[in-house]
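Here is a set of questions and answers on the structure shown below, meant to be read beside the coordinates. Each answer works through its reasoning before it ends on what was asked.

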Amino acid sequence: MRKKLITCTGIFIFIIFFSILSYADNKPEIFSTWEGFEPDKCASIWLIKKFIKQNAEIKFFPKGSIINKGIPFDTPDAQFRRYHNMSTYESLLKHYKIEDPKLIYIGLLIHDVEINTWGRKAYPETEKMKEAVHMIMAQSQDTKIIINKSMDYFDTLYKSIN
Amino acid sequence: MNPPRIFSSSVFSVFVLTVLLPVLYIFFVPIWEGQLSNVFDSRHISLAVNSIRLAAGTTFASLIIGLSVSMLLAKTDIRGSKVLLPLFILPILIPPHIHAIVWNQVSSSVNKIIPFDIHNLGGAVFVLTLAYYPFIVLLTISGLNSIDKSTEESSLLIHGKWKTLYRITSPLVFPHIFSGAVFVFIFSIIDFGVPDILRVNVWPIEIFIQFSAFYNEKAAIILSLPMAAITGMLVILQKFCMKNRTYIQVSGGIAKNIRYPLGKWHIPLFLFCVILILFSSIIPIFILGINAGHPSNYFRALSSSASQIGFTFLISIISSFFIVLTGFSISYIIERSKGILAHVMESGTFILLAVPAITMGISLIKIWNRPTADIIYSSFLIIILGHTARFLPFAVLPLCSSIKQLNPGMEEAASIAGSRWLKIMYRIVLPLSAPALLVSFFVVFILSFGEMGATLLLIPPGMETISIKIYNLMHYGAHELVNALSLILIALIFGLFGLFLYIFNKIDKSDDTSY
């Protein structure tokens, strides 16, 4: 009887522990940023939703406001932001130790847009990518549409890299 | 009186670590590695021309404005000259990149009504002139105040006022004017913040691109060489021209010079002064206030940047203490021991003026970014080293002048009477140098407070200064916060300037203090 009770309690604790773990894992992680889009932000959202936290929820706050919810990114106070030698996308790659060569290559293109702002681009694909993202931003003002379209664009870009 | 050997050796060790290493790295490593020819291409000719045009244009415009103002304030009977002088110094307290932020906004607002585009070489010259012409004013007025009044009076007995100005006054004040012009030229040619904000492609921008965009540190260092060579030669020429003259008079203000009556020109020239003050300090502050928007933005800026403000204060205070201490020790060795060590220290210190902030940042990264020096590279100490390598000459200049004016006989007499060297320093040299120490501390503090070029590269993760915060906010388009925070920064600097003047007047009662 005592043995059965211990076994049942063990199973119960295991189930509770497993449920908590699985809930924590499925709970959508919030990533917060300021309103407004640019290639770096679009690529970062794609990277977060596809490779960092697949169920991530992106929350937008008015420009200039203090973000006190979720993990801030691409804002002046965030850990994941543009530095003098690194884009937001690259800071995410670095922090999450992502070493996929295709993602690193996209990082180089974003770096070329975001950090190398003085015209002479290092990669011929940079201008194409920049124009494509700007086109998506020009076609709609709706945040969801811009996110979905840029997710599709970066998926295609990712697949096209050899 | 020669300083003890242990003192000289310790100071020289600090000098090697803070000054000599980065300078030697910049000048010798590219040559050592023999990669000079691979970096330069035909595009660099236009960049060099742009940079020289920017610096020459700024120097020319600053000379015209600065000389007019100095002559009006020191040599004419213009009313309110004592009030006007501090107002002409105010623009120097506003960091140049904030001048650029303001005029950038003005340009985008009025561009639809009048053709006023600031995003070109002329615009950069305009902004840098407003930021740097006070250098000419300060140095020229110091030069005019140092002229022996009787020389001009004797000339006036025989010649007219114009001939006296041309034949007597101008040659006597020329070293100060030349020195001011060299300062303005160097500061303009090495400036990164203003061309970056106004999107003007010049040489320092190319250095930054090579480092940040292309990760090509060697190219960035090699590209700095021609600029460092030109500015280095100018620094040497300026030192030669100034010889033992003092640079700036602090408490004397405008001494009792011979003054010429303005007559009917009084009102137009007074208006000229007022317009200049309006453009160089009042309008920028007003525009920042307008564009900051609702007062709640100041609270938002303060609450979101309190830690950055605190960090900037702390860093600037530690930097200033360290730089003034090092600067005082170096100045004492330069003035009191005439050996090779003193010459090396003097040349090394002044060569620092010739190195662009970005290059200094790269050089310090290359030297200190290694596992053995991680305690320095990953902490605020790297920023202190950056500030030291940039601002040490601004401490050494007034301190050398101050120690030069002290009679070495006093120290010798104390030594003969049995006092130890440390006691002589503590009881004689330091108290007599107190005003110069305060001036150095304030100048270095203000420069450290607004520094951006080297800090941008050196700042360790998780740390941020106000200038870097403003730079980041600007990139993210939070314009109201940029304006509010810039205004807070200016208010803090002006407040500190007021405090400095108050303390200085308390400790220094002499009429003519020159450094």
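Q: In which loop is the place of H119(B)?
A: The model is a predicted one, and the position of H119(B) is described here by the helices of chain B that flank it. These helices are α4, residues 96-110, and α5, residues 121-145. H119(B) therefore falls outside both helices, in the loop between α4 and α5 of chain B.

Q: Is H119(B) buried, partly exposed or exposed?
A: A residue counts as buried under 20% relative accessible area and as exposed over 50%. H119(B) has a relative accessible area of 31%, which lies between those limits, so H119(B) is partly exposed.

Q: Which residues does H119(B) contact, leaving aside its neighbours within four places in sequence?
A: One residue that might be compared is T59(B), which is 60 residues from H119(B) in sequence and 19 Å from it in space, C-alpha to C-alpha. Contact requires heavy atoms within 4.5 Å. Leaving aside neighbours within four places in sequence, the contacts of H119(B) are N104(B), S107(B), I197(B), L198(B), R199(B) and V200(B).

Q: Is S70(B) buried or exposed?
A: S70(B) belongs to helix α2 of chain B, which runs over residues 43-75. Its relative accessible area is 0%, and since the limit for a buried residue is under 20%, S70(B) is buried.

Q: What distance separates the C-alpha atoms of S70(B) and T140(B)?
A: S70(B) touches K75(B), I136(B), V137(B), T140(B), I141(B) and L144(B), not counting residues up to four places away in sequence. T140(B) is thus one of the contacts of S70(B), although the two residues are 70 apart along the chain. Their C-alpha atoms are separated by 6.2 Å.

Q: Which elements do the buried residues of α3(B) pack against?
A: In helix α3 of chain B, residues 81-93, the buried residues are S81(B), L84(B), L85(B), F88(B), I89(B), L90(B), P91(B) and L93(B). An α-helix has 3.6 residues a turn, so residues three or four places apart point the same way. The buried residues of α3(B) pack against α2, α4, α5, α11, α19 and α22 of chain B.

Q: Which element of chain B has the highest mean pLDDT?
A: Chain B as a whole has a mean pLDDT of 87, with 95% of its residues at 70 or more. Among its elements, helix α6, residues 149-158, has the lowest mean, 83, whereas the highest, 93, belongs to α2(B).

Q: Which three residues supply 36% of the area that chain A buries against chain B?
A: The predictor gives the complex an ipTM of 0.75 and a pTM of 0.85. The contact takes 24 residues from chain A and 32 residues from chain B, and the two chains bury about 2200 Å² between them, 56% of it on carbon and sulfur atoms. On the side of chain A, the three residues that supply more of this area than any other three are H84(A), W118(A) and R120(A).

Q: Which element gives the most to the lining of the second largest pocket?
A: This pocket holds about 1200 Å³ of space and is lined by 43 residues, of which Y83(A), N85(A), M86(A), K94(A) and P461(B) lie nearest its centre. By class the lining has 22 nonpolar, 13 polar and 8 charged residues. Elements that each supply at least two lining residues include α4 of chain A and α12, α20 and α21 of chain B. The largest contribution, 5 residues, comes from α3(A).

Q: Is T465(B) buried or exposed?
A: T465(B) is found in the loop between α20 and α21 of chain B. Leaving aside neighbours within four places in sequence, T465(B) is in contact with Q308(B), F311(B), T312(B), T455(B) and I459(B). Because its relative accessible area is 4%, and the limit is under 20%, T465(B) is buried.

Q: How much space lies in the second largest cavity?
A: A search of the whole structure finds 2 cavities of 30 Å³ or more. The second largest is lined by residues of chain A, including W34(A) and D77(A), and of chain B, including S304(B) and K469(B). Its lining has 5 nonpolar, 3 polar and 2 charged residues, and the space in this cavity is about 50 Å³.

Key
Residues numbered from 1 in each chain as written. Chains lettered and ligands numbered in written order. Predicted model: local features only at pLDDT ≥ 70, side-chain atom pairs only at ≥ 80, totals over all residues. Heavy atoms only, no water. Helix = DSSP H or I, 4+ residues; strand = E, 2+ residues; numbered from the N terminus. Buried < 20%, exposed > 50% of the residue type's maximum accessible area, 1.4 Å probe, protein only. 1 Å grid on protein atoms, 1.4 Å probe; cavity = no way out; pocket = protein on both sides within 12 Å on 5 of 7 lines; lining within 4 Å. Points joined across faces, edges and corners; volume = space filled by probe spheres on them. Nonpolar A, V, L, I, M, F, W, Y, C, P; charged D, E, K, R; others polar. pLDDT = per-residue confidence, 0-100. Buried area = accessible area lost by both parts, 1.4 Å probe.
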